[in-house]
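Q: I am new to this structure and would like a guided look. Please pick a single part, go through it closely, and then show me how it fits with the rest.

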Amino acid sequence: MIGTPDVIVDVGSGTGVTAEALAARFKRDPRPRFVLVDPQRGFLTRARRRPKSRFDLVEGDATRVPLGTHSVGVVVSFGVLCCLTEEALPHAIREAWRILRPGGYLLVSVPRWQGPGLESQLMVEGFVRLASERPGVSALQKPS
Ligand SMILES: C[S@@+](CC[C@H](N)C(=O)[O-])C[C@H]1O[C@@H](n2cnc3c(N)ncnc32)[C@H](O)[C@@H]1O
């Protein structure tokens, strides 16, 4: 469904487990550039040690991602939005919206019980839901 994007950003990447699994799916060139954003430097240091990965590592926060507006084709955020405070969550959603190009994709995962609430919030901000693997694991799109 999603072609090869030029840039994939993993917001709240941790040590890069998710990014590494995603990167492995792109076997042929051109491969996307992966940017991993996390506030914890120690996690990013561990992500750098992943042998097959050539990630760009950025120390940053989901509410203030240091990337340009409309600069990204896909934002991935697994197990992160569920950890944010009520105040921070809308800021993080708007940041994902800001950095995504029109037509870009947002892939999120939160615990099952938080899924419906999060999806509603994302749709209020303008995202369109494309698919849900299960409640809390969803693919959404920023309309073109
Ligand atoms: C449960 S881990 C998930 C890591 C990774 N996404 C994965 O799937 O393995 C949560 C991650 O969110 C990061 N995190 C916590 N607060 C954050 C924030 N405000 N902005 C961005 N990342 C944050 C943590 O540092 C941690 O790496």
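A: Let's start with the words we need: a residue counts as exposed if 12 or fewer other C-beta atoms lie within 10 Å of its own, as buried if there are 20 or more, and as partly exposed in between. Please also keep in mind that this is a predicted model.

The part to look at closely is helix H4, which runs over residues 115-124. Which residues of H4 are buried? They are Gly-115, Leu-118 and Leu-122. These three cover an arc of only 70 degrees around the axis, so they sit on the same side of H4. Turn to the other side of H4 and you find Pro-116, Ser-120, Met-123 and Val-124, which are exposed. What do the buried residues of H4 pack against? Their partners are H3, S5 and strand S7, the last of these covering residues 137-141. Follow the chain just past the end of H4 and you meet Gly-126, whose phi is positive, at about 120 degrees.

Now let's step back to see where H4 belongs. The chain contains four helices and seven strands. Going along the sequence, they come in the pattern β-α-β-α-β-β-α-β-α-β-β. With 144 residues, a compact globule would be expected to have a radius of gyration near 15 Å, and the 14 Å of this chain agrees with that. The C-alpha trace spans about 40 × 30 × 30 Å along its principal axes. Of the 144 residues, 35% count as buried. Sequence separation is worth a look too: among contacts with a separation of 6 or more, 64% are between residues 24 or more positions apart.

The next stop is the inside. In soluble globular proteins, nonpolar side chains tend to be buried together. Here the largest nonpolar core has 35 residues, and the members that touch the most others are Val-9, Val-11, Leu-36, Val-75, Ala-96 and Leu-106. H4 is one of the elements that supply at least two residues of this core, and the others include strand S1 (7-11), strand S2 (33-38), strand S4 (72-78), helix H3 (88-99) and strand S5 (100-109). Leu-36 gives a good view from within the core: leaving aside neighbours within four places in sequence, Leu-36 is in contact with residues including Ala-19, Leu-44, Ala-47, Phe-55, Leu-57 and Val-58.

Two more residues help to show the buried parts of the strands. Val-72 is in strand S4, and with 26 C-beta neighbours inside 10 Å it counts as buried. Beyond four places in sequence, the contacts of Val-72 include Val-7, Val-9, Ile-99 and Leu-100. From Val-72 to Gln-121, which is 49 residues away in sequence, the distance is 21 Å, C-alpha to C-alpha. Tyr-105 lies in strand S5, one of the elements that the buried side of H4 packs against. With 21 other C-beta atoms within 10 Å, Tyr-105 is buried too. Its C-alpha atom is 9.5 Å from that of Pro-5, although 100 residues separate the two in sequence.

The loops give you another kind of place to look. Pro-51 and Lys-52 both belong to the loop between H2 and S3. Pro-51 has 5 C-beta neighbours inside 10 Å and so counts as exposed. Lys-52 has 7 other C-beta atoms within 10 Å and is exposed as well. The C-alpha atoms of Lys-52 and Ala-24 are separated by 8.8 Å, with their positions 28 residues apart along the chain. His-70 is in the loop between S3 and S4. Is His-70 buried, exposed or partly exposed? With 13 other C-beta atoms within 10 Å, His-70 is partly exposed. Its phi is near 60 degrees, a positive value in a residue other than glycine.

Finally, find the ligand. There are 17 residues around it, and those that come nearest are Gly-12, Gly-14, Ala-62, Phe-78 and Gly-79. Sorted by class, this shell holds nine nonpolar, six polar and two charged residues.

Key:
Residues numbered from 1 in each chain as written. Predicted model: local features only at pLDDT ≥ 70, side-chain atom pairs only at ≥ 80, totals over all residues. Near = placed C-beta within 6 Å. Nonpolar A, V, L, I, M, F, W, Y, C, P; charged D, E, K, R; others polar. Core = buried A, V, L, I, M, F, W, Y, C linked by C-beta atoms within 7 Å. Contact = placed C-beta atoms within 7 Å. Rg over C-alpha atoms; globule rule 2.2 N^0.38 Å. Arc of directions from axis to C-beta.
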